[in-house]
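Please look over the sequence and the structure shown below before reading on. The report that follows takes up local backbone features, the sheet, the ligand site and the second chain in turn.

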Amino acid sequence: MEALKNISNTEIVISIKDLYKSFGELHVLRGVDLEIFKGENVAVLGKSGTGKSVLIKIITGLLRPDTGEVKVLGQEVAHLKGKELDVLRLRIGFSFQSSALYDSMNIRQNLEFPLVMNKKDLGKAEIKTAVEEVLEAVGLSDKLNQMPSDLSGGQRKRIGIARTLILKPEIMLYDEPTSGLDPITSMEINELIAEVQQKYNTSSIIITHDLTCAKVTANRVAMLLDGKFLKVGPFKEVFSDSDKRIQSFYNYNFTE
Amino acid sequence: MDFFILNTFNKLRLADSIQRKKYVISKGIDPFFSNVFRAYKFVVLYFKEVFKAPFHFREVINQCFEVGLRSLSLITLTGFVTGIVFTKQSRPSLEVFGASSWLPSLISIALVRALGSLVTALICAGKVGSSIGAELGSMRVTEQIDAMEVSAINPFKYLVVTRVTATTLTVPILSLYCGFVGLLGSYLNVHTHEDTSFVAFFENGFETITFLDVFTSVFKSIVFGFTIGIIGCYKGFNATQGTRGVGRAANEAVVLSMFFVFVEEIVIVQVSNWIRNY
Ligand SMILES: Nc1ncnc2c1ncn2[C@@H]1O[C@H](COP(=O)(O)OP(=O)(O)OP(=O)(O)O)[C@@H](O)[C@H]1O
Ligand SMILES: [Mg+2]
């Protein structure tokens, strides 16, 4: 794989300041700060249940923060409603941990759906080309007419990514793109993520437990621990830190 | 204002989960009121959204077919059997008075005023209400509804408004159909006993039916259809806790919509009787 390109851009696309979020007594996020630059991939690492999914759901406005500021592409997400929020959401791709394919539709309809519903001016032929293009990108061109239930977990995940790519988002949020996949398929997805970054110049947040994924896809990694980011920086720098919790995360990943 | 009330309830519940003390009324009753309030908001949102573009006509039509296809065979069977059995059981009582020639009008009144719409509503509550609850419930717990939302598609509009509109439009049609099939069943029974002709049977039957009867019946079915759709959607849309939640959503949708159908039946019949006697 090509070496990760250096990000010298200083344009901030996502900026999170002092974010708090709790569910009842459960205080999930406690003072999260993070900035993502244009064209940059950032991997968010952290144990299960630390609130990684909650964090990106707040970024797309699926959940509302208790306090703190979340600005995406210059707009404060919590202040947006209706049309404005929709316009912003079209610029963000969200690939779900569970793939979340529409199981009443076949693969073609799944991929068409966001386009048909949002870009009314597109013709049949254009939609068809767009579908073929993203299917090609995730390497599943032969599955066009199958139902999601006929696919394996990894294939569903790739279709989920394709469905978000079809709207050509400026920001991609991947929720555990490689979890539960074999190393080879994982590597293919990693390559896909890197390719998306190169090709469309997207900025991404990649949530993962998988250090290989973080290492090969991300320009920086961010360790989420006890509700805030313990350390953010290039992979090598973060894992050369002597903090026990970071070291144990690293060792656990590679000694298993 | 609405938001304020809901927020107050939520805050108090939150405060309560920390201190285990403060409730507006009591631990059992508070969630009931906040649920009623949420259901009320859900209904209001439907009326807000239903007249706003985009309309998703194609999906409404799809859902109408779904509703029809899911319940048609059962409605045909039940309506037909109801017609036969009801006729059969009513004959002896009428014969005592030598009035078996009144059978067609008796049956028509029963079917048009009450049985057609009630039987249809109960069948649809069972078949359609549960499947809407289960379908939306599983879409909720597998994050398909969230997936729509993040791709800027309004899931309430695409899923809820279309389904509720479809049941509201389709249940009245199914009710009329049910009444008609019931009359056919009744005719079969009458014909074998009294050798009445088809035309005579229907002429006789329709003579006693007034415009108000038909109007009330159709109005009732519209209300039933709306009830079944909105309850199924509400339960499904708000499903939680994984697959168990899906089963529960389907189940509660059936029970609750049947309950409401009965309540509405009684209220509407009362009101129409007042109008009749006015
Ligand atoms: N809608 C919600 N209501 C209540 N609690 C929630 C909700 N969403 C998440 N939580 C809780 O917040 C915590 C963090 O959840 P989250 O899904 O973000 O974890 P995660 O870091 O993504 O874990 P994993 O790696 O297993 O996906 C969990 O304890 C979860 O139970
Ligand atoms: Mg998660």
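## The loop between β4 and β5

In this predicted model, A:Leu73 is found in the loop that lies between β4 and β5 of chain A. The phi angle of A:Leu73 is near 50°, a positive value in a residue other than glycine. Most residues other than glycine have a negative phi.

The two strands on either side of this loop, β4(A) with residues 67-72 and β5(A), pair with each other in the antiparallel sense over 2 bridges. Within this pairing, A:Lys71 has A:Glu76 of β5(A) as its bridge partner.

## The sheet of chain A

Strands β4 and β5 belong to an open sheet of 4 strands in chain A, whose order is β2-β1-β4-β5 and whose pairing is antiparallel. The edges of this sheet are formed by β2 (26-37) and β5 (75-76) of chain A, each of which pairs on one side only. Helix α1 of chain A, which covers residues 52-59, packs on the sheet and touches β1 (12-23), β2 and β4, and the direction of this helix makes about 120° with that of β1(A).

Strand β1(A) pairs with β2(A) in the antiparallel sense over 9 bridges, and A:Ser15 stands opposite A:Glu35 of β2(A). These two strands form a hairpin with 2 residues between them, and A:Gly24 in the turn has a positive phi of about 60°. Strand β1(A) also pairs with β4(A), again in the antiparallel sense, over 5 bridges, and here A:Ile14 stands opposite A:Val72 of β4(A).

## The surroundings of ligand 1

There are 14 residues around ligand 1, of which A:Ser48, A:Gly49, A:Lys52, A:Ser53 and A:Glu176 come nearest. By residue type, the shell divides into 4 nonpolar, 7 polar and 3 charged residues. Three oxygen contacts of the ligand can be described individually, beginning with a backbone N or O atom of A:Gly51, which lies 3.0 Å from an oxygen atom of ligand 1. A polar side-chain atom of A:Gln97 also lies 3.0 Å from an oxygen atom of the ligand, while an N or O atom in the side chain of A:Glu176 is 2.8 Å from an oxygen atom of ligand 1.

Taken alone, ligand 1 exposes 640 Å², and the protein buries 61% of that area. The elements that give two or more residues to the shell are β2 and α1 of chain A, with α1(A) giving the most, namely 3 residues. The helix that packs on the sheet is thus also a part of the ligand's surroundings.

## Chain B

Chain B contains 9 helices and 0 strands, and from the N terminus on its elements run α-α-α-α-α-α-α-α-α. Along its principal axes, the C-alpha trace of this chain spans about 75 × 40 × 35 Å.

One peptide bond in chain B deserves a separate look. A cis peptide bond joins B:Ala53 and B:Pro54, with omega at about -5°, and B:Pro54 lies in the loop between α2 (29-50) and α3 (57-96) of chain B. Most peptide bonds are trans.

Notes. Residues are numbered from 1 along each chain as its sequence is written. Chains are lettered from A and ligands numbered from 1 in the order in which they are written. This is a predicted model: local features need pLDDT of at least 70, side-chain atom pairs count only at pLDDT 80 or more; totals for chains, interfaces and linings use all residues. Side-chain values use heavy atoms; hydrogens and water are left out. Two strands pair if DSSP finds at least two bridges between them. Contact means heavy atoms within 4.5 Å. Axes are lines fitted to C-alpha atoms, for helices over the stretch in contact, and angles run from 0 to 180 degrees between N-to-C directions. A residue is near a molecule or strand if one of its heavy atoms lies within 4 Å of it. A polar contact is a pair of N or O atoms within 3.5 Å; within protein, one must be able to donate a hydrogen and the other to accept it, and residues adjacent in sequence count only if both atoms are side-chain atoms. Accessible areas come from the Shrake-Rupley method with a 1.4 Å probe; for residues, only the protein chains shown count as cover. Ala, Val, Leu, Ile, Met, Phe, Trp, Tyr, Cys and Pro count as nonpolar, Asp, Glu, Lys and Arg as charged, and the others, Gly among them, as polar.
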